[in-house]
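Biologist: I am new to this structure and would like to be taken through a few of its places, one question at a time. Could you put it in front of us before we start?

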Amino acid sequence: MDLTNKREIALAFHDLGVLKFGDFRLKSGILSPVYVDFRLVISSPILLVKVANALCTMLHESSSKEDFLICGVPYSAVPMATCISVNMSVPMLMCRKETKTYGTKQMVEGTWKFGQHCVIVEDVVTSGSSVASVAQLLRNEGICVSQALILVDREQGGTENLRSRHKLSVNSLFKLSELTEILCDAGRVTEEQKSRVIRFLQSTPAPEINIPSFLPDLSGSVQQASLEQLISRKSSRLCAAIDTFDPDYLLRVADQVGPKVCAVKLHLDILRFDPEPERVISGLRRLSAQHGFLIIEDRKLADIGQTVMLQLKYGVYCISDWCDMVTVHCIPGPGIFEALRQINKQFAAEGKTRRLRAIVVAQMSSQAGCHYLSV
């Protein structure tokens, strides 16, 4: 976007009262010399369209995705997301701040496909908590979220937090210091006001946020059932081994065979992810709850207990967060089972009913196929 258009939009913000300078108590309790209120933009359709067009241009320049969705952070960014949706003919989703007690009780409204990409739109980012919460809601539905469009970055650490902790590519139309500079050059604010804002931004980082894992807690569904209970309930002893490197194929086959099997076995570490494993894990968990099957990660762990615990809880895949059963070797002795007991104790302490169980590899051939023993 060229500087002339940015200057025009910045001055229009000031004319409308979107940017206010003085002393303002923020939601976090911090006293700020500047306040940004984009809810006023809905009262100026011409300005709203200009802002949406600028974000559309930025989206064209920053995204290579073709089949994607738009979702505005509720509620002030929803009008901007709506304009982008209409302008670019892109389907839109809407997230709720709270679950309704009637109707479908959906937290995400709209239609989408598993694995479809969605771009989040937000007006102002301070800590990034609102964007992170929406990203979590969408990821819980199997939607891939990797990008956020921000109208104004307050430069207090929020965009860095979204990039590092929530794996989002963040593009902003304005930085708050840039807006203040434009207004100062136009004689709308004084040098002292500008300096005060800059000092504030440099010395006042946003408070840290703690957004829970994107994985939904499905502990009240299939995880409560043991393998034996599932065998009895479904009159089936089938386990589908979906050893593929294609994540979409994995989800498609799991959906097709799910009603007939008691378990789905996979090798998560051979899947090709685009760009993160989260949508596949979330999608598989939802299929597990929908069709009633256990998820087996065929990792064949064979290290000492402490290392196995770290392999299960941390690393790229955080196996214990989503897996029901994991294959292990008996070579390390009882330490490997003690690691699982410790993880299950933590589950119990957190009020979760799910348990992680081991399947011991009793025998392996040198060519193909293994013999397993469930414990």
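Biologist: Leaving aside its neighbours within four places in sequence, which residues is threonine 244 in contact with?

Modeller: This is a predicted model, and in it threonine 244 sits in the loop that runs between β9 (239-241) and α9 (247-257). Once the neighbours within four places in sequence are set aside, the residues in contact with threonine 244 are Tyr249, Leu250, Ile270 and Leu271.

Biologist: Does threonine 244 count as buried or exposed?

Modeller: The side chain of threonine 244 has a polar atom that lies 3.0 Å from the backbone nitrogen of aspartate 246. As for accessibility, buried means under 20% relative accessible area, and because threonine 244 has a relative accessibility of 11%, threonine 244 counts as buried.

Biologist: How is phenylalanine 24, in strand β1 (residues 19-25), classed by its relative accessible area?

Modeller: Not counting residues up to four places away in sequence, phenylalanine 24 touches Ile30, Leu31, Ser32, Pro33, Val34 and Tyr35. With one of these, valine 34, which is 10 residues apart from phenylalanine 24 along the chain, the C-alpha separation is 6.8 Å. The class lying between under 20% and over 50% is partly exposed, so phenylalanine 24, with a relative accessible area of 21%, is partly exposed.

Biologist: Where do the buried residues of helix α5 fall, seen down its axis?

Modeller: In helix α5 (residues 158-166), the buried residues are Gly158, Thr159, Asn161, Leu162 and His166. Seen down the axis of α5, these residues fall within an arc of 160°, so they line one face of the helix. What covers them includes β6 (117-125), α4 (129-140), β7 (144-153) and β8 (169-175). The place asked for is therefore one face of α5.

Biologist: What is the phi of lysine 167, just after α5?

Modeller: Lysine 167 comes just after α5, and its phi is positive. The value is about 55°.

Biologist: How does helix α6 run relative to α7, roughly parallel or roughly antiparallel?

Modeller: Helix α6 (residues 176-185) and helix α7 (residues 191-203) pack with their axes 10 Å apart, at an angle of about 175°. Angles over 145 degrees count as roughly antiparallel, and so α6 is, relative to α7, roughly antiparallel.

Biologist: How many nonpolar, polar and charged residues does the contact of α6 with α7 have?

Modeller: From α6 the contact takes Leu176, Ser177, Thr180, Glu181 and Cys184, while α7 brings Glu191, Lys194, Val197, Ile198 and Leu201. Sorted by class, the residues of this contact are 5 nonpolar, 2 polar and 3 charged.

Key:
Residues numbered from 1 in each chain as written. Predicted model: local features only at pLDDT ≥ 70, side-chain atom pairs only at ≥ 80, totals over all residues. Heavy atoms only, no water. Buried < 20%, exposed > 50% of the residue type's maximum accessible area, 1.4 Å probe, protein only. Contact = heavy atoms within 4.5 Å. Axes fitted to C-alpha atoms, helices over the stretch in contact; angles between N-to-C directions. Helix = DSSP H or I, 4+ residues; strand = E, 2+ residues; numbered from the N terminus. Parallel < 35°, antiparallel > 145°, perpendicular 65-115°, else oblique. Nonpolar A, V, L, I, M, F, W, Y, C, P; charged D, E, K, R; others polar. Arc of directions from axis to C-beta. Polar contact = N/O pair within 3.5 Å; in protein donor to acceptor, adjacent residues only side chain to side chain.
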